[in-house]
Amino acid sequence: MKILVTGGDGQLGSSLKKLAGDYPEYVFKFIDLKDLDLTDFPKVYSFIEAFRPEILVNCAAYTAVDKAESDPDAAMSVNADVPGDLAKICRETGTRLIHLSTDYVFDGKSYRPYLETDPVNPDSVYARTKLEGENRILEQSVSGIIIRTAWLYSEYGQNFVKTIRKKGEELGKLRVVYDQTGSPTYAGDLARAILEILPEVINFQTMELFHYTNEGVISWYDFAKAILELSGISCTVEPVGTRAYPTPATRPPYSVLDKTKIKERFDISIPYWKDSLKECIANLNASR
Ligand SMILES: NC(=O)c1ccc[n+]([C@@H]2O[C@H](COP(=O)([O-])OP(=O)(O)OC[C@H]3O[C@@H](n4cnc5c(N)ncnc54)[C@H](OP(=O)(O)O)[C@@H]3O)[C@@H](O)[C@H]2O)c1
């Protein structure tokens, strides 16, 4: 079975690449912007038609949440036009599509974890473009799954874990928001889950939504404290409210996703956030 992974150099793409060797039954091809610009529809069409993957995992996205506020056209192009185009090509070539979306499609005003069926209300350019991407895929009647995830971190690229370690060492004092609550997701765990469910996704005849994050619920403040503690970095962390830390894009105050559906449908268990954080930090320390 041939699997094409777009966004192959990003956090999730790199995590899939790292684990690919554990799945010799699949032939993987990883591509990123340097290989093929996904906004170039004719080229993308020819590429997929020639490679003919059974499954396409689209990890490519415009993920600069704050930058998107002043660059909405670029965000819309990668986060909405591209998924719509990929879905069209996948439908025409009989390819199953696995696409990634975000907890930011919700406004974060809930009092309990969000279900896949809950009403969406995106509150930033990034969030609106990602929701539009979901809708464009659904319009195409392509088969596969959309996985909404949140607070993604890994050994690769830029993310909260790496930033807190760097800034914590440099400054010895940080201010981190305590009134935004969610669940971190180690990209290695999400990648493993995607690879484990491939044999079932190949038989999907519809497009379905799922939620995936690590287990547990914390604030960014708690997360920063744990990152520094597990990294052995001595640094004071001051909890601050979102109002004291304004950003161009609004973040949902509560973005916990309910994962019952993905766990039950695919019979998978999901690691606890702190166990996964320990794994990621051990890998980061080992690569120093
Ligand atoms: N990061 C998070 O906290 C988070 C949270 C919730 C959901 N998600 C979703 O999870 C998925 C994976 O996120 P991630 O953190 O792994 O993303 P990432 O590290 O930013 O990787 C995205 C990749 O897509 C590539 N890309 C961008 N525009 C492209 C284009 N026009 N053609 C081809 N490739 C292009 C990027 O290349 P360049 O780097 O060269 O631009 C990058 O390698 C995304 O759908 C994201 O929206 C992420």
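## Exercises on a predicted model

A backbone N or O atom of Q11 lies 2.9 Å from an oxygen atom of the ligand, and the exercises below, which all concern a predicted model, start from this contact.

### Exercise 1: The surroundings of the ligand

Task: Find which side chains have an N or O atom close to an oxygen atom of the ligand, and describe the shell around the ligand.

Solution: Begin with the side chain of D32, which has an N or O atom 2.7 Å from an oxygen atom of the ligand. Continue with Y126, where the corresponding distance from a side-chain N or O atom to a ligand oxygen is 2.8 Å. Next, consider how far the ligand is covered: on its own it has 900 Å² of accessible area, and the protein covers 79% of this. Then turn to the elements, where α1 (11-19), β4 (96-102) and α4 (125-139) are those that give two or more residues to the shell, and β4 supplies the largest share with 3 residues. Finally, sort the shell by class, which gives 13 nonpolar, 8 polar and 4 charged residues; of the 25 residues around the ligand, those that come nearest are L12, D32, T63, Y126 and K130.

### Exercise 2: A pair of tryptophans

Task: Decide how the rings of W151 and W220 are arranged, and state which parts of the chain the pair ties together.

Solution: As a starting point, the structure holds 18 aromatic pairs. For W151 and W220, the ring centres are 3.6 Å apart and the planes stand at 15°, and because planes under 30 degrees apart count as stacked, this pair is stacked. The next step is to locate the two residues: W151 is in the loop between β5 (144-149) and β6 (152-153), while W220 belongs to helix α7 (residues 220-231), so the pair ties together parts that lie 69 residues apart in sequence. Both residues are buried, and ring pairs also link them with Y153, F160, Y186, F223, Y272 and W273 into a cluster.

### Exercise 3: Lysines over rings

Task: Say which rings lie under K29 and K261, and give the distances from the ring centres.

Solution: First take K29, which lies over the face of F51 at 5.3 Å from the ring centre. Then take K261, whose charged end sits over the ring of F210, 4.4 Å from the centre of that ring.

### Exercise 4: The setting of T95

Task: Determine whether T95 is buried or exposed, and list polar contacts of its side chain.

Solution: The residue T95 lies in the loop between α3 (72-93) and β4. Its relative accessible area is 2%, and because buried means under 20%, T95 is buried. A polar atom of its side chain lies 3.1 Å from the backbone oxygen of P53, and a polar contact of 2.9 Å joins the side chain of T95 to that of T93.

### Exercise 5: Positive phi angles

Task: Explain what stands out in the backbone of R52 and S141, and compare how exposed each residue is.

Solution: Recall as a first step that most residues other than glycine have a negative phi. Against this background, R52 has a positive phi of about 50° although it is not a glycine, and S141 likewise has a positive phi of about 50° without being a glycine. Now place them: R52 is in the loop between α2 (41-51) and β3 (55-58), whereas S141 is in the loop between α4 and β5. Last, read the relative accessible areas, which are 40% for R52, a partly exposed residue, and 59% for S141, an exposed residue.

Notes: Residues numbered from 1 in each chain as written. Predicted model: local features only at pLDDT ≥ 70, side-chain atom pairs only at ≥ 80, totals over all residues. Heavy atoms only, no water. Phe/Tyr/Trp six-rings, centres within 6.5 Å; stacked < 30°, edge-to-face > 60°. Helix = DSSP H or I, 4+ residues; strand = E, 2+ residues; numbered from the N terminus. Buried < 20%, exposed > 50% of the residue type's maximum accessible area, 1.4 Å probe, protein only. Lys NZ or Arg CZ within 6 Å of the ring centre and 35° of its normal. Near = heavy atom within 4 Å. Polar contact = N/O pair within 3.5 Å; in protein donor to acceptor, adjacent residues only side chain to side chain. Areas by Shrake-Rupley, 256 points an atom, 1.4 Å probe, with all protein chains shown as cover. Nonpolar A, V, L, I, M, F, W, Y, C, P; charged D, E, K, R; others polar.
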